[in-house]
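Biologist: Before I plan anything at the bench, I would like to go through this structure with you, one question at a time. Please show me the sequence and the coordinates, and then we can begin.

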Amino acid sequence: MSASNSWGNRLYRGEVSYDFIGKQKRWYTISGALLLVSIVSLVVFGLNFTLDFRGGSQFDIKSPTASTKTITDSVSAIVKDPQVQTSSDTSGRHVIVKTTPLSSDQLSKVREAIAADAGQKDNPNAVTVTLVSGSWGHEITQKAITGLVIFVALVMLYLAIFYEWKMALSGIIALIHDLVITAGIYALIGFEVSPATVIGFLTILGYSLYDTVVVFDKVRENTKGLGSTKTDQTYTQSANLAVNQTLIRSLNTSLIALIPVAALLFAGTVVSGGAGVLQDLALALLVGIAVGTYSSIFIATPLLADLKEREPEMRTLKRKATGAQAKAAARAERNAVPTQDRLAGEYPGDAEDLEAAAAGEVRDVPRGPRNQPVRGDRGRNRPSGKRR
């Protein structure tokens with residue numbers, strides 16, 4: 001058996017346990033800091049939307065040798081802040097220039113400048129021009145938000161019906177936590193947000209929910225009968241055991257999911273030259289899977305435990321379980337002391353007998369009167385005189 005399997009089995013049996021829920025304040029602090037940075041990044045920098053959302057013009061020319069710096073300088077003299085990047089496909093290397101919406105005169109000038117810098121001054125038609133309407137991107141954004149709201153509502157309904165409303169609330173808070181942090185990372189680093197990125201966002205929410213539901217299912221199994229037939233553990237302790245029991249599954253699932261995502265990111269960044277749908281989708285999945293795995297372990301379950309421990313029944317259970325565990329700990333500590341040392345403190349004579357027996361000696365220990373009842377009428381009520 002491998003070391004990881006042995007460690008996982010010990011976690012499942014409770015032989016090894018990490019206090020994830022008991023340190024929830026630490027996780028809340030870390031998540032609070034991440035959320036604060038994410039919100040500030042979204043407010044200060046904002047999301048870098050592609051032309052699909054904000055509208056504009058895109059110029060594409062096939063050129064194996066065109067310099068992006070030269071094209072950037074030429075186009076910047078005509079329009080402000082152009083985005084110039086390269087991509088590769090089966091047909092070869094392409095230079096892509098993205099700008100804000102342009103007039104007809106600006107379109108012609110930019111097209112001619114790109115063709116000249118790419119070595120095709122006499123053939124401006126070699127530059128493919130794509131115009132993207134801002135209304136189309138606005139419509140895509142609205143549909144994405146509508147889909148997200150419907151998704152969250154259905155998730156809450158599912159968790160409330162098949163589990164309980166506290167699990168639904170904890171799961172939704174974890175989902176919002178994942179979405180805000182992922183969006184904040186995009187804003188802080190300046191990643192572009194494309195329709196493929198939106199698809200990635202929705203995908204990671206589903207992944208995060210799946211991981212959270214698996215942990216919640218184990219929590220429900222471990223806490224079944226608490227307060228009635230089981231009074232030796234608190235809700236927090238049972239939930240923490242569930243997190244430990246599903247830890248290996250969560251880590252393995254995340255690692256297995258990240259392998260194809262890393263392959264997509266490699267294909268989108270290296271093979272395709274750093275632009276395209278593959279890169280946008282893989283980047284969102286990579287960030288989201290990592291954040292989703294973190295939230296299912298360190299946010300969703302601790303939140304659930306905090307909500308449940310506020311119930312009167314769970315408070316009563318906590319007092320009973322704490323008392324029972326204190327007695328069991330005292331009993332275990334007492335039993336850990338050798339019998340000879342324990343008797344020496346309570347019955348010195350018995351301890352000396354044990355020492356003598358261990359040395360092979362037989363001691364004649366004087367014994368006191370036997371503890372028998374005394375009959376008060378014997379010899380006291382008998383008539384005086386000689387016995388016949």
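Biologist: Is strand β4 mostly covered or mostly open, and how many of its eight residues are buried?

Modeller: Please keep in mind that this is a predicted model. A residue counts as buried under 20% relative accessible area. In strand β4, which spans residues 92-99 and is mostly covered, the number of buried residues is six.

Biologist: Which residue of β4 stands opposite Ile61?

Modeller: Strand β2, residues 56-62, pairs with β4 in the antiparallel sense, and six bridges hold this pairing. Within β4, the residue opposite Ile61 is Val95.

Biologist: And which residue of β4 stands opposite Val84?

Modeller: Strand β3, residues 83-89, runs antiparallel to β4 and is joined to β4 by seven bridges. The connection between β3 and β4 is a hairpin of two residues. Opposite Val84, in β4, stands Val97.

Biologist: In what order do the four strands of the open sheet lie, and which of them stand at the edges?

Modeller: The pairing in this open sheet is antiparallel, and the order is β3-β4-β2-β5. Each edge strand has a single partner strand, so one of its sides is left without a neighbour in the sheet, and the strands in that position are β3 and β5 (128-132).

Biologist: What is the average twist from one strand to the next?

Modeller: The average is taken over the sheet whose four strands follow the order β3-β4-β2-β5. From one strand to the next, the twist averages 25 degrees.

Biologist: Which residue in β5 is the bridge partner of Asp60?

Modeller: Strands β2 and β5 run antiparallel and are joined by five bridges. The bridge partner of Asp60 in β5 is Thr128.

Biologist: Which strands does helix α5 touch where it packs on the sheet?

Modeller: Helix α5 covers residues 104-117, and its direction makes about 25 degrees with that of β2. Where it packs on the sheet, helix α5 touches β2, β4 and β5.

Biologist: Turning to charged side chains, how far apart along the chain are Lys308 and Glu164?

Modeller: The structure holds nine salt bridges, and one of them joins the side chains of Lys308 and Glu164 at 3.4 Å, N to O. This pair links distant parts of the chain, with Lys308 in helix α11 (residues 277-308) and Glu164 in the loop between α6 (134-162) and α7 (165-189), and their separation is 144 residues.

Biologist: Why does Lys308 count as buried and Glu164 as partly exposed?

Modeller: The limit for a buried residue is under 20% relative accessible area, and partly exposed lies between that and over 50%, which counts as exposed. Glu164 is partly exposed because its relative accessibility is 21%, whereas Lys308 is buried because its value is 9%.

Biologist: Which residues are joined into one network by salt bridges that share partners?

Modeller: Lys308 also meets the side chain of Glu311 in a salt bridge of 3.1 Å, N to O, and both Glu311 and Lys308 are buried. The network formed through shared partners consists of Glu164, Lys166, Lys308 and Glu311.

Biologist: In the salt bridge between Arg249 and Asp211, how far apart are the closest N and O atoms?

Modeller: Arg249 counts as partly exposed at 23% relative accessibility, whereas Asp211 counts as buried at 0%. A salt bridge requires a side-chain nitrogen within 4 Å of a carboxyl oxygen, and for Arg249 and Asp211 the closest N and O atoms are apart by 2.1 Å.

Note on methods: Residues are numbered from 1 along each chain as its sequence is written. This is a predicted model: local features need pLDDT of at least 70, side-chain atom pairs count only at pLDDT 80 or more; totals for chains, interfaces and linings use all residues. Side-chain values use heavy atoms; hydrogens and water are left out. Buried means under 20% relative accessible area, exposed over 50%, partly exposed in between (1.4 Å probe, protein chains only). Two strands pair if DSSP finds at least two bridges between them. Axes are lines fitted to C-alpha atoms, for helices over the stretch in contact, and angles run from 0 to 180 degrees between N-to-C directions. Contact means heavy atoms within 4.5 Å.
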